[in-house]
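The exercises below ask you to read a protein model step by step, with the structure open beside you. Try each task on your own before you turn to its solution.

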Amino acid sequence: MDDTGASLRIVVLSNLYPPLHLGGYELGCRDVVEGLTDAGHAVTVLTSRHGLEGPRADGRVIRGLAYWPDRPARSWGGLARMEWGNRRSLAALLADLRPDVVLVFS
């Protein structure tokens, strides 16, 4: 909470997020998100759609980013287009939510 006692609007950006994860790092990210939520903050997670057929929102977890191991870029141009799409997704979420804080994980 800020110095007035109000909760913060927080966006968490992470390449992977449970239950779709590859190791412990993503589980640590989830623990941070749960702790912030338990403290009364409004937390939204933007993560990849790794392992899914397409974008999906699970409550406050938005699985909309491209993840390069799922669809390897065949060229630098393809990788640039994928990253540009991810950047647009993040920019749209930030414009919509206007968070007080953005936390970036792996």
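**Exercise 1.** In this predicted model, decide whether Thr 44 is buried or exposed, and then describe its surroundings.

*Solution.* Begin with the accessibility: Thr 44 has a relative accessibility of 4% and therefore counts as buried, since the cut-off for a buried residue is under 20%. Next, locate the residue, which is found in strand S2. Then list its neighbours, leaving out residues up to four places away in sequence: Thr 44 touches Ile 10, Val 11, Val 12, Arg 60, Ile 62, Leu 93 and Leu 97. Take one of these neighbours, Ile 62, and note that it lies 18 residues from Thr 44 in sequence, while the two C-alpha atoms are 7.5 Å apart in space. Finally, look at the side chains, where Thr 44 makes a polar contact with Arg 60 at 2.7 Å.

**Exercise 2.** Work out the order of the strands in the sheet, and find which strands form its edges.

*Solution.* Recall that the strands of a sheet pair through backbone hydrogen bonds, either parallel or antiparallel. Here the sheet is open, has 5 strands in the order S3-S4-S2-S1-S5, and shows mixed pairing. Its edge strands are S3 (56-58) and S5 (101-104), each of which pairs on one side only. From one strand to the next, the twist averages 20°. For a single pair, consider S1 (residues 9-13) and S2 (residues 42-48), which run parallel and are joined by 5 bridges; within this pair, Arg 9 has Ala 42 in S2 as its bridge partner. Helix H1 (residues 24-38) packs on the sheet, where it touches S1, S2 and S5, and its direction makes about 160° with that of S2.

**Exercise 3.** Check whether the length of helix H2 agrees with its number of residues, and then work out how its buried residues are arranged around the axis.

*Solution.* Helix H2 (residues 76-97) has 22 residues, and at 1.5 Å a residue it should span 32 Å; its end C-alpha atoms are 31 Å apart, which agrees. Now collect the buried residues of H2, which are Gly 78, Met 82, Gly 85, Asn 86 and Leu 93. Because they cover an arc of only 95° around the axis, they lie on the same side of H2. What covers these buried residues includes S1, S2 and strand S4 (61-65). The face of H2 turned away from the buried side carries the exposed residues Trp 76, Arg 81 and Ala 95. As a last step, look just after H2, where Arg 98 takes a positive phi of about 45°.

Methods: Residues numbered from 1 in each chain as written. Predicted model: local features only at pLDDT ≥ 70, side-chain atom pairs only at ≥ 80, totals over all residues. Heavy atoms only, no water. Pairing = 2+ DSSP bridges. Helix = DSSP H or I, 4+ residues; strand = E, 2+ residues; numbered from the N terminus. Axes fitted to C-alpha atoms, helices over the stretch in contact; angles between N-to-C directions. Contact = heavy atoms within 4.5 Å. Expected span 1.5 Å × (residues − 1). Buried < 20%, exposed > 50% of the residue type's maximum accessible area, 1.4 Å probe, protein only. Arc of directions from axis to C-beta. Polar contact = N/O pair within 3.5 Å; in protein donor to acceptor, adjacent residues only side chain to side chain.
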